[in-house]
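Colleague: Please take a close look at one part of this model for me. I would like the surroundings of the ligand, and how they tie into the rest of the fold.

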Amino acid sequence: MKEELLIPLVGIAPPDDFSQEEIKRITPVLQLLASSTPLAQGMDTVLHPRDFMPEVRSVIITGTPCYFGKLLSFEQCREKLLGITDPLHVSLEFFQHLQEKKMFMNKFFEDRGFSFLSVTGGQFPIKLAASKCGIGYYGKNSIIQHPDYGSWISLSAYVTDAELETDDPLIESCGDCGLCMDACPTGALFKPYKCDSEKCLNFHLAWNKNTIPKPIREKCGNLLEENCNMCRDICPRNSKLKSVNTISAPEELIYPSLPDLAEITDEEWENGYALTLAGFFLFDKKYLKRNAVIAMGNFRVKRYREVLKRLTDCGDDELKEYAAWALDRIN
Ligand code: B12
């Protein structure tokens, strides 16, 4: 039946429970997320396939290539005072593409009398399931690597009561290479295959709604959301990837002007980032402003002083503190 589905990059994993050992490794990360963002509140336990569908017979993992090509560097952005996001995270087309794929699969199974459910939320460990069904293998950067698309594949997971033939795991490894671990700006990749979330910039920029520690802020550069990609950019397996040229993303959301973001209005937020995946994870325009203020502090450009001074007088104590930090850094 899998062949009839006619979708590239599909793997079928068995519907088994995750092991106690696996649960022990993953739970602390879910607990961290649950205490860091309203989005993950109460979602601090691993869910097994049967928790979503008691009569589950197969787990389906799909991969979607998502490399958008080389982006401007920190220095290039500094010239124009621009922040930066991941095109994937601000592309409505990409989001729509994933939705269409899901709807297509849903219809495929429903037409054949089976149930089908997306389990792509945080409580279902997709990488783990993906590593068991040949979609890819764990790289030392703790991301699943596909033989052709490297670590630039976005993963989705589904359960169904259709019994599908399972796929074997892919046995490959990074060998002696550890470039990603050396490149991580905060040392979050402290051991091969393991990422310390509390050090990962992506956690802080996108998930952490508590205070971002100052040493971490300094490493954020001009990143505005979950878009530190050092550990993917340096990987030799990603060096010859072709960019996804069928999907586009709005330039003004990829490279926004920082002073504008720092004072973004409700209307601008609602018609822009709020509609995107980046906005979904940022949750509130306040955190986009926060990240923009951090980026301004990191550019250390005197022209930002006026905007930052205004923010030190705004009604939000947290933002005031970030603005004061940025001003200090510029001064
Ligand atoms: C929580 C989370 C994060 C956290 C924690 C990161 C992490 N390493 O898991 C933070 C916020 C830091 C984060 C960052 C990023 N994330 Co994230 N994240 C998730 C989320 C929601 C859950 C992942 C999870 O359960 N982590 C807990 C850890 C403990 O699980 P784990 O890494 O699988 O742990 C296993 C390994 O350590 C392995 N292991 C241990 N020892 C050994 C030894 C060997 C030899 C081997 C082979 C394995 C191995 O065993 C553990 C399981 O038992 C998933 C979506 C989902 N529902 O799964 C996306 C997801 C993992 N993220 C993703 C991405 C792309 C990113 C980022 C690149 C940011 C971005 N642009 O989106 C960075 C990458 C950071 C990094 N290098 O890991 C993708 C990964 C796609 C892929 N090809 O793998 C996912 C799957 C989202 C998606 N739907 O596509 N993320």
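Modeller: What follows starts at the ligand and then moves outward. Keep in mind that this is a predicted model.

The shell around the ligand has 33 residues, and Ile126, Tyr138, Ser142, Ile144 and Cys195 come nearest. Four elements give two or more residues each: helix 2 (20-34), helix 7 (126-131), strand 6 (153-160) and helix 9 (201-207). Helix 2 gives the most, with 5 residues. By class, the shell has 18 nonpolar, 9 polar and 6 charged residues.

Now the link to the core. Ile126 is one of the residues that come nearest to the ligand. Ile126 is also in contact with Ala157. Beyond its neighbours within four places in sequence, Ala157 also touches Val59, Ile61, Val119, Thr120, Phe124 and Ala129. Ala157 belongs to the largest nonpolar core, which has 82 residues. Ala157, Ile61, Ala292, Val293 and Met296 have the most contacts inside that core. Helix 16 (residues 285-299) supplies the largest share of the core, 8 residues.

One loop residue deserves a separate look. Asn227 sits in the loop between helix 10 (214-219) and helix 11 (230-233). Asn227 counts as buried because 21 other C-beta atoms lie within 10 Å, and the cut-off is 20 or more. Leaving aside neighbours within four places in sequence, its contacts are Ile84, Thr85, Asp86 and His89. Asn227 and Ala206 are 21 residues apart in sequence, with their C-alpha atoms 8.7 Å apart.

How values were computed: Residues are numbered from 1 along each chain as its sequence is written. This is a predicted model: local features need pLDDT of at least 70, side-chain atom pairs count only at pLDDT 80 or more; totals for chains, interfaces and linings use all residues. A residue is near a molecule or strand if its C-beta atom, placed from the backbone, lies within 6 Å of it. Ala, Val, Leu, Ile, Met, Phe, Trp, Tyr, Cys and Pro count as nonpolar, Asp, Glu, Lys and Arg as charged, and the others, Gly among them, as polar. A nonpolar core is a set of buried Ala, Val, Leu, Ile, Met, Phe, Trp, Tyr and Cys residues joined through C-beta atoms within 7 Å. A residue is buried if 20 or more other C-beta atoms lie within 10 Å of its own, exposed if 12 or fewer, and partly exposed in between; C-beta atoms are placed from the backbone. Two residues are in contact if their C-beta atoms, placed from the backbone, lie within 7 Å.
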